[in-house]
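These are my notebook entries on a single protein model. I set down what I looked up, entry by entry.

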Amino acid sequence: MTHLATGDDGVTRCGWCAGDEAYRAYHDTEWGVPVRDPVRLFEKVCLEGFQAGLSWITILRRREAFRAAFHGFDPTVIASFGASDIARLVDDASIIRHRGKIEATISNARAMLALPRPLNELIWSHATAARPDRPARWEDVPATTPESVALSTELRNLGFRFVGPTTMYALMQSCGLVDDHFEGCFRAGNVR
């Protein structure tokens, strides 16, 4: 995969979104755009957890099904899920039917409701300072940062699951806490 790709529309983008319309739309309109709404951040935490071990496009293609299955990621509703809901979700072929990730989503909803401060404040308190240089190739993008490790640790200590440092760095990228659009991408530096 190349670092940059120019689409049939003549626009140069990060190469990871080339070749798929859904990925391209996600890249162009969502990835790296700051998310501050607590429910949308909770959704992102959950979906990044489901993505662990899979590609993001797998989750992106099922995102609407996840939203339906998890009631728009309303933590109050999800926190009330019981054994019958888990069984229903494990049988739902429209989502990722990983029992551990499903149970983690329910546990994370309960943890979110018990937070000492709003989820958006907690997550944004770990925002990465701007790097002196924009990434130019894959090797320039870290898998984790001290900030993603700290966010992961804090969330784990508060009862969250499937929130490892690499998963939290992916969350930070997708929610605009860090801008990792490659040098030369039309979105680089233009997402805030």
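**Entry 1. The largest pocket**

I began with the lining of the largest pocket, where helix 9 supplies the largest share, 6 residues. I note at the outset that the model is a predicted one. Two or more lining residues also come from each of helix 1 (21-29) and helix 2. The lining numbers 21 residues, and those nearest the centre of the pocket are W31, Q51, W138, A170 and Q173. I recorded the space in this pocket as about 480 Å³. Sorted by class, its lining has 14 nonpolar, 5 polar and 2 charged residues.

**Entry 2. Q173**

I then followed one of the residues nearest the pocket centre, Q173. Q173 belongs to helix 9, which covers residues 165-174. Is Q173 buried or exposed? Its relative accessible area is 13%, under the 20% cut-off, so I entered Q173 as buried. I also listed its contacts, setting aside neighbours within four places in sequence: W31, G32, V141, V178 and D180. W31 therefore appears twice in my notes, as a contact of Q173 and among the residues nearest the pocket centre, contact here meaning heavy atoms within 4.5 Å.

**Entry 3. Helix 6**

I next checked the length of helix 6, residues 99-113. With 15 residues at 1.5 Å a residue, the helix should span 21 Å. Its end C-alpha atoms lie 22 Å apart, and I accepted this as agreement. Which residues of helix 6 are buried? I found G100, K101, I102, A104, T105, I106, N108, A109, A111 and M112. The cover over these buried residues includes helix 2 (38-51), helix 4 (75-79), helix 5 (83-90) and helix 7 (119-124).

**Entry 4. The cavity**

How many cavities of 30 Å³ or more does the structure hold? I counted 1. The volume of the largest cavity is about 50 Å³. Its lining consists of V45, C46, G49, F50, K101, A104, T105, N108, R161, F162 and V163. Helix 2 and helix 6 are the elements that give two or more residues to this lining. I classed the lining residues as 6 nonpolar, 3 polar and 2 charged. K101, A104, T105 and N108 line the cavity and are also on my list of buried residues in helix 6.

**Entry 5. The nonpolar core**

In soluble globular proteins, nonpolar side chains tend to be buried together. I looked up the largest nonpolar core here and found 54 residues in it. Those with the most contacts inside this core are F66, F70, L119, I123 and F160. I took F160 further: beyond residues up to four places away in sequence, F160 touches V45, N108, A111, M112, L115, L119 and L155. Of these, N108, A111 and M112 are buried residues of helix 6, and V45 and N108 also line the cavity.

**Entry 6. Two residues with positive phi**

Most residues other than glycine have a negative phi. I noted F73, which has a positive phi of about 60°. F73 sits in the loop between helix 3 (56-69) and helix 4. Its relative accessible area is 0%, so F73 is buried. I noted F162 as well, with a positive phi near 60°. The loop between helix 8 (146-157) and helix 9 holds F162. At a relative accessible area of 33%, F162 is partly exposed. F162 is also one of the residues lining the largest cavity.

Technical notes. Residues are numbered from 1 along each chain as its sequence is written. This is a predicted model: local features need pLDDT of at least 70, side-chain atom pairs count only at pLDDT 80 or more; totals for chains, interfaces and linings use all residues. Side-chain values use heavy atoms; hydrogens and water are left out. Helices (H or I, at least four residues) and strands (E, at least two) are DSSP runs, numbered from the N terminus. The expected span of a helix is 1.5 Å times one less than its number of residues. Buried means under 20% relative accessible area, exposed over 50%, partly exposed in between (1.4 Å probe, protein chains only). On a 1 Å grid over the protein atoms alone, a cavity is a set of points where a 1.4 Å probe fits but cannot get out, and a pocket is an open set with protein on both sides within 12 Å along at least five of seven lines; lining residues have an atom within 4 Å of a point. Grid points are joined across faces, edges and corners, and a volume is the space filled by probe spheres set on the points. Ala, Val, Leu, Ile, Met, Phe, Trp, Tyr, Cys and Pro count as nonpolar, Asp, Glu, Lys and Arg as charged, and the others, Gly among them, as polar. A nonpolar core is a set of buried Ala, Val, Leu, Ile, Met, Phe, Trp, Tyr and Cys residues joined through side-chain atoms within 4.5 Å.
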